[in-house]
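Here is a set of exercises to work through at your own pace. Have a go at each task before you read the solution below it.

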Amino acid sequence: MPTHRPRGQRGAALPSPVVMLSVIAVAMAGIAFVATRGGEPAEREVTTVARNTTPSPSPSATFTPSADPKPTPPPVQRGKVYVEVYNNSGITGLAGSVAQRATGIGWKVVGSDNWYGTIPATTVYYPAKLKPAARQLALDLGIKRTALAIDPMRLDRLTVILTGPIAAPAAG
């Protein structure tokens, strides 16, 4: 009668496909993180400019009309621009109070909530077509930073993200 030798316990257990895909996904996420960090978003600082409303008379000044005067852009109609306000600070109720302030000034605030993510400073984000309105809203609320809207922000409105309390702008 032949004798059977016991099988050896040597071998390798292969991980399941789910574990392998999870490891690959984590590695890809790490590569994407390293590849995309360090790029700061384009930002702009809004500053107010004092204008001298009384021209100083000059004895040699003469008026010469230009051939094609630069048309002045129409004023921003606050009630026709949608605004969303988000709180990215630890201050409870900050978005709601700033939203009420914007509504009182005449802006059409359509929502306020919390924002989850990292924002460097309080900012008014805008789509390209609403740049003048973003500047006006920033001036109205005393916010110094504006930037182009980023994903997942909607492109039919202004998005205000608050990282801390904002002071009321000085009356001018």
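The exercises below start from the whole chain of this predicted model and then turn to single elements and residues.

**Exercise 1. The overall layout**

Task: Find how many helices and strands the chain has, and in what order the elements run.

Solution. Step one is the count: there are 3 helices and 6 strands. Step two is the order, which from the N terminus reads α-β-β-α-β-β-α-β-β. Step three looks at burial: of the 172 residues, 24% count as buried. Finally, take the contacts with a separation of 6 or more; residues 24 or more positions apart account for 76% of them.

**Exercise 2. The two sides of a helix**

Task: Compare the span of α2 with the expected one, and work out where its buried residues sit around the axis.

Solution. Begin with the length. Helix α2 covers residues 94–105, which is 12 residues, and reaches 17 Å from its first C-alpha to its last. At 1.5 Å a residue the expected value is 16 Å, so the two are close.

Next, list the buried residues of α2: Leu94, Ala95, Val98, Ala99 and Ala102. They lie on the same side of α2, because the arc they cover around the axis is only 125 degrees. A general rule is helpful here: an α-helix has 3.6 residues a turn, so residues three or four places apart point the same way. On the other side of α2 you will find Gln100 and Gly104, both exposed.

Now ask what the buried residues pack against. Their partners are β2 (82–87), β3 (108–114), α3 (131–141) and β6. One last detail comes just after α2, where Gly106 takes a positive phi of about 120 degrees.

**Exercise 3. An enclosed strand**

Task: Decide whether the residues of β6 are buried or exposed, and identify strands that pair with β6.

Solution. First check burial. In β6, 6 of the 6 residues are buried, so the strand is largely enclosed by the rest of the structure. Then sort the side chains by direction: Arg157, Thr159 and Ile161 point one way, while Leu158, Val160 and Leu162 point the other way.

Turn to the pairing. Strands β2 and β6 run parallel and are joined by 6 bridges; here Tyr86 stands opposite Ile161. Strands β4 and β6 run antiparallel, with 3 bridges between them, and Val124 stands opposite Val160.

Now zoom in on one residue from each direction. Thr159 counts as buried because its relative accessibility is 1%, where the cut-off is under 20%. Apart from neighbours within four places in sequence, Thr159 is in contact with Glu84, Tyr86, Thr123, Val124, Tyr125 and Met153. With residues up to four places away again left out, Val160 touches Val83, Glu84, Val85, Tyr86, Thr123, Val124, Leu137 and Ile143.

**Exercise 4. Two cores and an aromatic pair**

Task: Find which residues have the most contacts inside the largest nonpolar core, and describe the geometry of the aromatic pair.

Solution. Start with the largest nonpolar core, which has 22 residues. Val85, Trp107, Leu137, Leu158 and Val160 have the most contacts inside it. At least two residues of this core come from each of β2, α2, β4, α3 and β6. A second, separate core has 7 residues, including Tyr86, Trp115, Ile119 and Met153.

Move on to the rings. The structure holds 1 aromatic pair, formed by Tyr86 and Trp115. Their centres are 5.2 Å apart and the planes make an angle of 70 degrees. Since planes over 60 degrees apart count as edge-to-face, the pair is edge-to-face. The pair links distant parts of the chain, with Tyr86 in strand β2 and Trp115 in the loop between β3 and β4 (123–126), 29 residues apart. Both Tyr86 and Trp115 are buried.

**Exercise 5. Two residues outside the strands**

Task: Locate the cis peptide bond, and find which residues Ile166 touches.

Solution. The cis bond joins Asp151 and Pro152, with omega about 15 degrees. Pro152 is placed in the loop between β5 (145–148) and β6 (157–162).

Ile166 is in the segment after β6, and at 17% relative accessibility counts as buried. Leaving out residues up to four places away in sequence, Ile166 touches Val98, Arg101, Thr122, Leu141 and Ile143. Ile166 and Lys144 are 22 residues apart in sequence, and their C-alpha atoms are 9.7 Å apart in space.

Methods
Residues are numbered from 1 along each chain as its sequence is written. This is a predicted model: local features need pLDDT of at least 70, side-chain atom pairs count only at pLDDT 80 or more; totals for chains, interfaces and linings use all residues. Side-chain values use heavy atoms; hydrogens and water are left out. Helices (H or I, at least four residues) and strands (E, at least two) are DSSP runs, numbered from the N terminus. Buried means under 20% relative accessible area, exposed over 50%, partly exposed in between (1.4 Å probe, protein chains only). The arc is that of the directions from the helix axis to the C-beta atoms. Contact means heavy atoms within 4.5 Å. Rings of Phe, Tyr and Trp (its six-membered ring) pair if their centres lie within 6.5 Å; planes under 30 degrees apart count as stacked, over 60 as edge-to-face and the rest as tilted. Two strands pair if DSSP finds at least two bridges between them. A nonpolar core is a set of buried Ala, Val, Leu, Ile, Met, Phe, Trp, Tyr and Cys residues joined through side-chain atoms within 4.5 Å.
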